[in-house]
Amino acid sequence: MSNNAPTIRHALNVKREDDFAKWYQEVITAADMAEESGVRGCMVIKPWGYGIWERIQRLLDDRIKEAGVQNTYFPLFIPLKNFEREADHVDGFAKEMAVVTHHRLIGDGKGGLIPDPEAKLEEPLVVRPTSETIIGDAMARWVQSWRNLPLMLNQWANVVRWEMRTRMFLRTSEFLWQEGHTAHATREEAVAETHRALEMYRACAEQDLALPVIAGEKPENERFPGADETWSIEAMMQDGKALQAGTSHYLGTSFATAAGIQFQDREGVQQYAHTTSWGVSTRMIGGVIMAHGDDDGLRVPPRIAPHQIVILPMLRDKPEDEAVLAYCEELYASLQGNALGEKMRILLDKTPGKATAKRWDWVRKGAPLIVEVGPRDMENGKVAMLRRDALWNADNGKPAMNFVTREQFAADAAQLLEDIQTSLFEEARNRRDANITRGLTDWHGVVNFFRKGGKYPGWVEVQWAKPTGAALEQVVERLKDEKLTFRNVPRDAAEADGVCVFTGEPAVERILVARAY
């Protein structure tokens, strides 16, 4: 930027490049998305934040049902014995489980309450961290024959994992998600379902959230507890860190064996079912914030925006206010067509307040298109339009208002929303692709890259020999020392043609390494 570039006064007090973590929290506050609840690790999701989740839920639920998966609901409380049946599973979640031990409180004689010793549960109940074990019990009852398969279920629910370090949307003790659980007659069918779910998540992330992701398989140390295979979609945030945005697991027959999910095959032989599970959560909203937000707040991709177009009449407690409002209502009525495959979602914001203050409220919230109408605009038959993805005029440092006729805006609105959806995706994809480094050939090079790569170094894709057991544990410890993690083995990566950067042995595949949330 030249010394003559105009100064832009951004809507936030913290810039991404100065303190990304603090910027993230300020976006959530300034966009009025969520707030702390008073319970450690739990948040109140406010209407704008929850509206975004509802849009993600609606779009993803359609994709889930298109695959023949049926929605259901299972209890929040799960008997502890369910987890004890699957050793790897309980080990994986033991440190995060919230447990109910009593069913009644009594007074402590000092004005407070304590658990009633006489009301201790015979068996502790775990507050749902995930539902494989309880859904497995139901599947064992419902599956008797090959004719009952595949059994494909999903539930939208909340889960609790007692996190030590929390951050709103990204890592909270309670969060919202969907979890799919399926049972199949053969390994091939279950693996195919694992990949179908992964592709569904990729499409949802990229087409709905404008969030470019890399789909691939997790290494052994990153698998879901008890799974045979875990696959993920990984997204790059603007600080170069990775966010695991969704996972899909092939569970083999271990959960079926523990729960007794058996069926009689076509030859009359009893077999254990092959099961899968897959899920995404409200952490996707955190991904949207960190991939698309800017120094003025949130930028919401139109497909998941609760309001795609916000119309702001500039009311001044003057006689012409009534005419301005009528003009805006006529504009609202003209915007009833479709965009991005759905009816456009428009808000005529009649709330009291100064027009400029209301504009900046919606800028911080990230509404894709903001339209202002004042008396002069009305007289000229025009509107003042602001695209949230192109907020500033680089020549003068002022908001890039575009004045068009009311009829022209109504005619162009659908295409403008499509253009914003595309531009946000392409901006994030180009940034990600520019920040994945390849060609490092040894561990020393990896360490130097992250130590000397500046504040936001990005990712590296390296070749490795896919060690297992103790050899893998040694590699993981070296990564931990540098605060690095394996992300996944991209399913479309080039074939290995060199040596492993960790062991020096012939490489068998390529894997992504990054700092991560």
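**Backbone exceptions, overall form and internal cavities**

Lys466 has a relative accessibility of 42% and therefore counts as partly exposed, a class that runs between the limits of 20% and 50%. The structure described here is a predicted model. Lys466 is placed in the loop that connects β25 (459–464) with α14 (469–481). Its phi is positive, at about 60°, although the residue is not a glycine. Most residues other than glycine have a negative phi, and most peptide bonds are trans.

A positive phi is also found at Phe169, again in a residue other than glycine, with a value near 70°. Phe169 belongs to the loop between β9 and β10. Its relative accessibility is 1%, so Phe169 counts as buried, the limit for that class being 20%. Of these two residues with positive phi, Phe169 is thus in the buried class, whereas Lys466 is in the partly exposed class.

A further backbone feature concerns a peptide bond. Leu149 and Pro150 are joined in the cis form, with omega at about -5°. Pro150 sits in the loop that runs between α5 and β9 (151–160).

The chain as a whole contains 14 helices and 28 strands. Its radius of gyration is 26 Å, close to the 24 Å that the globule rule gives for 517 residues, so the chain is as compact as a globular protein of that length. The C-alpha trace spans about 80 × 60 × 60 Å along its principal axes. Buried residues make up 53% of the 517 residues. When contacts between residues at least 6 apart in sequence are considered, 70% of them join residues at least 24 apart. The accessible surface amounts to about 23600 Å², and carbon and sulfur atoms account for 48% of that area.

The interior was then examined for enclosed space. Rolling a probe the size of a water molecule over the atoms shows where empty space is left. Two cavities of 30 Å³ or more were found. The largest holds about 70 Å³ of space. Its lining consists of Glu132, Ile135, Gly136, Met139, His181, Thr182, Leu251, Phe255, Ile261, Thr275 and Thr276. Two or more of these lining residues come from each of α5 (132–142), β10 (174–184) and β16 (274–281). The greatest share is that of α5, which supplies four residues. Sorted by class, the lining of the largest cavity has five nonpolar residues, five polar residues and one charged residue.

The second largest cavity contains about 50 Å³ of space. Asn82, Arg85, Glu86, Glu132, Thr133, Phe255, Ala258 and Ala259 form its lining. At least two of the lining residues are provided by α5, and at least two by α7 (254–259). Here α7 gives the most, with three residues. The lining of this second cavity divides into three nonpolar, two polar and three charged residues.

The two linings have residues in common. Glu132 and Phe255 occur in the lining of the largest cavity, and both also occur in the lining of the second largest. Helix α5 likewise recurs: it gives the most to the lining of the largest cavity and supplies at least two residues to that of the second largest.

Terms used: Residues numbered from 1 in each chain as written. Predicted model: local features only at pLDDT ≥ 70, side-chain atom pairs only at ≥ 80, totals over all residues. Heavy atoms only, no water. 1 Å grid on protein atoms, 1.4 Å probe; cavity = no way out; pocket = protein on both sides within 12 Å on 5 of 7 lines; lining within 4 Å. Points joined across faces, edges and corners; volume = space filled by probe spheres on them. Nonpolar A, V, L, I, M, F, W, Y, C, P; charged D, E, K, R; others polar. Buried < 20%, exposed > 50% of the residue type's maximum accessible area, 1.4 Å probe, protein only. Rg over C-alpha atoms; globule rule 2.2 N^0.38 Å. Contact = heavy atoms within 4.5 Å. Areas by Shrake-Rupley, 256 points an atom, 1.4 Å probe, with all protein chains shown as cover.
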